[in-house]
Amino acid sequence: MSDAEPKSEGPMWRPLSREQRRVIGVLMEKAKTTPEAYPMTINAVTTGCNQKNNRAPQMELESTEVETILNELRKVGAVTELQGTGRVNKFRHNMYQWLGVEKVELAVMAELLLRGQQTVGELRARAARMEPIADMNELKPVFDQLVAKRLVLELTPPGRGQVITHNLYAERELQKVRDLVAAGGFAETSDEADSAPRLTPSSPRAATDVNAQLQSLQELLDHVVQRIEQLEEKLG
């Protein structure tokens with residue numbers, strides 16, 4: 001099934017958890033980069049979620065977790081489950097309708113969901129592997145449309161090295177992202193260094209190490225809180 005752009009029925013988007021963003025981001029990415037393997041099985045989505053390149057932060061999700069997340073996304077209209085061959089069901093995304101975006105806009109959103117905050121320059125190069133974006137002049141109208149749709153947020157002022165992110169965070173998580181960007185510098189990273197933290201404070205190395213440890217602890221705490229909230233919601 002190709003990554004054809006369907007007619008939009010109006011955006012339905014809402015905040016998503018970190019794991020939900022990873023799963024839906026993988027479906028969006030693979031539909032464009034490996035259309036011959038799309039729609040995807042649960043195992044294929046799990047592999048995509050845990051791959052080491054083009055991902056931040058790194059995750060180690062189990063297939064049972066991914067199945068639960070896919071069902072959550074299906075319930076909010078972001079994913080459709082299809083009956084596959086050999087009784088193996090497959091999944092495809094509905095993000096054109098769910099976000100209310102076009103093809104290049106979808107590529108930009110996929111990169112933001114897979115990596116989180118990044119510079120506009122990084123984003124252009126990464127999204128170009130899914131849809132042609134020759135230069136920053138081609139990206140700008142796409143970026144402006146996503147900002148107007150409130151899907152993309154500017155975390156630092158316009159200009160060289162501007163940092164942006166998506167707007168699918170829960171409010172508390174978004175505030176933490178804003179605080180992290182405001183408290184430290186932001187260094188562009190190469191694809192070879194995807195596993196390294198992208199936020200690098202401009203203070204001495206000792207402070208950098210402490211900040212990195214604090215960020216890791218905060219990410220772990222966020223994960224625990226999200227899981228507790230999900231359990232509470234299921235239990236009513």
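User: Two strands pair if DSSP finds at least two bridges between them. With that in mind, how many bridges join β4 to strand β5?

Analyst: Glad to start there: this is a predicted model, in which local features need pLDDT of at least 70, side-chain atom pairs count only at pLDDT 80 or more, and totals for chains, interfaces and linings use all residues. Residues are numbered from 1 along each chain as its sequence is written, and side-chain values use heavy atoms, with hydrogens and water left out. Helices (H or I, at least four residues) and strands (E, at least two) are DSSP runs, numbered from the N terminus. β4 and β5 (residues 163–166) run antiparallel, and the number of bridges that join them is three.

User: Which are the edge strands of the sheet?

Analyst: The sheet is open and has three strands in the order β3-β5-β4, with antiparallel pairing. An edge strand pairs on one side only, and that description fits β3 (118–119) and β4 (152–154).

User: Which residue in β5 stands opposite Val152? And at about what angle to β5 does α5 run?

Analyst: In the sheet, Val152 stands opposite His166 of β5. For the angle, axes are lines fitted to C-alpha atoms, for helices over the stretch in contact (heavy atoms within 4.5 Å). Angles run from 0 to 180 degrees between N-to-C directions. On that basis α5 lies across β3, β4 and β5, and its angle to β5 is about 95°.

User: How many of the 13 residues of α5 are buried?

Analyst: A residue is buried under 20% relative accessible area, exposed over 50%, and partly exposed in between (1.4 Å probe, protein chains only). Charged residues of α5 are on the buried list too, including Glu105, Glu111 and Arg115. The helix is largely enclosed by the rest of the structure, because the number of its 13 residues that are buried is 11.

User: How far apart are the end C-alpha atoms of α5?

Analyst: The expected span of a helix is 1.5 Å times one less than its number of residues. For the 13 residues of α5 that gives 18 Å, which agrees with an end-to-end C-alpha distance of 19 Å.

User: Which element gives the most to the largest nonpolar core?

Analyst: A nonpolar core is a set of buried Ala, Val, Leu, Ile, Met, Phe, Trp, Tyr and Cys residues joined through side-chain atoms within 4.5 Å. The largest one has 48 residues, and Ile24, Met28, Met95, Leu99, Val108, Met109 and Leu168 touch the most other members. Elements giving two or more residues include α1 (18–33), α3 (63–75), α5 (103–115) and α7 (136–148). With eight residues, the leading contributor is α5.

User: Which residues is Met109 in contact with, leaving aside its neighbours within four places in sequence?

Analyst: Met109 is one of the buried residues of α5, and it belongs to the group that touches the most other core members. Beyond four places in sequence, its contacts are Met28, Leu99, Leu146, Leu151, Val152, His166 and Leu168.

User: How many residues does the second, separate core have?

Analyst: In soluble globular proteins, nonpolar side chains tend to be buried together. Here the second core includes Leu153, Leu155, Tyr169 and Val181, and its number of residues is seven.

User: How many salt bridges are there, and which residues form a network of them?

Analyst: A salt bridge is a side-chain nitrogen of Lys or Arg within 4 Å of a carboxyl oxygen of Asp or Glu. That rule gives a count of 13. The network links Glu29, Lys30, Arg55, Glu111, Arg115 and Arg129.

User: How many residues apart are Glu173 and Arg21?

Analyst: The two side chains meet in a salt bridge at 2.8 Å, N to O, and both residues are buried. Glu173 is in helix α8 (residues 171–183) and Arg21 in helix α1, linking distant parts of the chain; their separation is 152 residues.

User: How many residues apart in sequence are the parts that Glu29 and Arg55 tie together?

Analyst: The closest N and O atoms of this salt bridge are 2.6 Å apart. Glu29 lies in helix α1 and Arg55 in the loop between α2 and α3, so the bridge ties together parts whose separation in sequence is 26 residues.

User: What is the relative accessibility of Val120?

Analyst: Val120 is found in helix α6. Leaving aside its neighbours within four places in sequence, it is in contact with Met136, Leu139, Gln162 and Ile164. Val120 counts as buried, because its relative accessibility is 11%.
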